[in-house]
Amino acid sequence: MHPEIPLDGDLRANIEHALFDTLHPSLDSYPETRLRERLRLVMADRALQRTYWSAHVTRRRESLAAALHAGVERGLLRRDLDVEATIDLLNGVFYYQYVVRGVSATRPDALARCRAAFDTVWRGIERGD
């Protein structure tokens, strides 16, 4: 389970800290062979993939979902925000670095891409007056 993201204070900074300083650097400490085997297994078996999604991934998304919902409630984020799609976008950029590009998401160039993607997503979800 991911650590809770504080819902008070600077929500963007809280989410950014969770994504860049707390959650995704753990990709480097997780053995690559284990991750690749996990991906291979779930991609080969849709039932296992659904089980993995419901038993593991959905729990890991709860804190970020709560933070995004809080942002909507506080009037910081768009009222029509699709929270699930936003989580997919934010998490997906990290996985793309590791799985598709084959580089660590904490490598400087990959991290710069992830930060640029975060900034782009944030501009799209912020409430514009």
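These notebook entries record what I looked up in a predicted model of one chain.

**Entry 1. Confidence**

I began with the confidence values of the predicted model. The mean pLDDT of the chain is 87, and 91% of its residues reach 70 or more. I then compared the elements of the chain: helix 6 has the highest mean pLDDT, at 95, and helix 2, residues 26-29, has the lowest, at 56. Where pLDDT is low, predicted coordinates should not be read in detail. I therefore left the coordinates of such regions unread in detail.

**Entry 2. Ile 5**

I turned to Ile 5, which is found in the segment before helix 1 (11-23). Is Ile 5 buried or exposed? Its relative accessibility is 6%, and because the cut-off for buried is under 20%, Ile 5 counts as buried.

I next asked which residues Ile 5 is in contact with, leaving aside its neighbours within four places in sequence. I noted Asn 14, Ile 15 and Ala 18, together with Ser 63, Leu 64 and Ala 67. I also looked up the separation of Ile 5 from Trp 122: the two are 117 residues apart in sequence, and their C-alpha atoms are 16 Å apart in space.

**Entry 3. Ser 63, a contact of Ile 5**

I followed the contact to Ser 63, which is found in helix 4 (residues 46-73). Ser 63 has a relative accessibility of 5% and so counts as buried. A polar atom of the Ser 63 side chain lies 2.8 Å from the backbone nitrogen of Ile 5. Not counting residues up to four places away in sequence, Ser 63 touches Pro 3 and Glu 4 as well as Ile 5.

**Entry 4. Helix 4**

I then examined helix 4 as a whole. Helix 4 has 28 residues, but its end C-alpha atoms are only 36 Å apart, whereas a straight helix would reach 40 Å at 1.5 Å a residue. Where does helix 4 bend? I found a bend of about 40° at Trp 53.

At the start of helix 4, I noted that a side-chain oxygen of Asp 45 comes to within 3.0 Å of the backbone nitrogen of Ala 47. Beyond the other end, helix 4 is followed by Gly 75, which has a positive phi near 80°. I listed the buried residues of helix 4 as Val 57, Arg 61, Ser 63, Leu 64, Ala 65, Ala 67, Leu 68, Ala 70 and Gly 71. Among them, Ser 63, Leu 64 and Ala 67 are also contacts of Ile 5.

**Entry 5. Helix 5**

I repeated the inspection for helix 5 (residues 83-101), which has 19 residues. From first C-alpha to last, helix 5 reaches 26 Å, close to the 27 Å expected at 1.5 Å a residue. I nevertheless recorded a bend of about 35° at Tyr 95.

The N-terminal end of helix 5 is capped by Asp 82, a side-chain oxygen of which lies 3.2 Å from the backbone nitrogen of Glu 84. After helix 5 comes Gly 102, with a positive phi near 75°. The buried residues that I listed for helix 5 are Val 83, Thr 86, Ile 87, Leu 90, Asn 91, Val 93, Phe 94, Gln 97 and Tyr 98.

**Entry 6. Salt bridges**

How many salt bridges are there? I obtained a count of 9, and looked into several of them.

In helix 3 (residues 32-44), Arg 40 and Glu 37 lie 3 residues apart, about one turn of the helix. Their side chains meet in a salt bridge, 2.6 Å from N to O. Arg 40 counts as partly exposed because its relative accessibility is 47%; Glu 37, at 34%, also counts as partly exposed.

Asp 109 forms a salt bridge with Arg 107, with the closest N and O atoms 2.8 Å apart. Asp 109 also meets Arg 113 in a salt bridge, at 3.6 Å from N to O. Arg 113 and Asp 109 both lie in helix 6 (residues 108-125), 4 residues apart, about one turn of the helix. I noted a separate network in which salt bridges that share partners join Arg 12, Glu 16, Arg 115 and Asp 119.

For the accessibility of the Asp 109 group, I recorded 32% for Asp 109, which counts as partly exposed. Arg 107, with a relative accessible area of 39%, is partly exposed, and Arg 113, at 24%, counts as partly exposed.

Key:
Residues are numbered from 1 along each chain as its sequence is written. Side-chain values use heavy atoms; hydrogens and water are left out. Helices (H or I, at least four residues) and strands (E, at least two) are DSSP runs, numbered from the N terminus. Buried means under 20% relative accessible area, exposed over 50%, partly exposed in between (1.4 Å probe, protein chains only). Contact means heavy atoms within 4.5 Å. A salt bridge is a side-chain nitrogen of Lys or Arg within 4 Å of a carboxyl oxygen of Asp or Glu. The expected span of a helix is 1.5 Å times one less than its number of residues. The bend at a residue is the angle between axes fitted to the seven residues ending there and the seven starting there. A polar contact is a pair of N or O atoms within 3.5 Å; within protein, one must be able to donate a hydrogen and the other to accept it, and residues adjacent in sequence count only if both atoms are side-chain atoms. pLDDT is the predictor's confidence in each residue, from 0 to 100.
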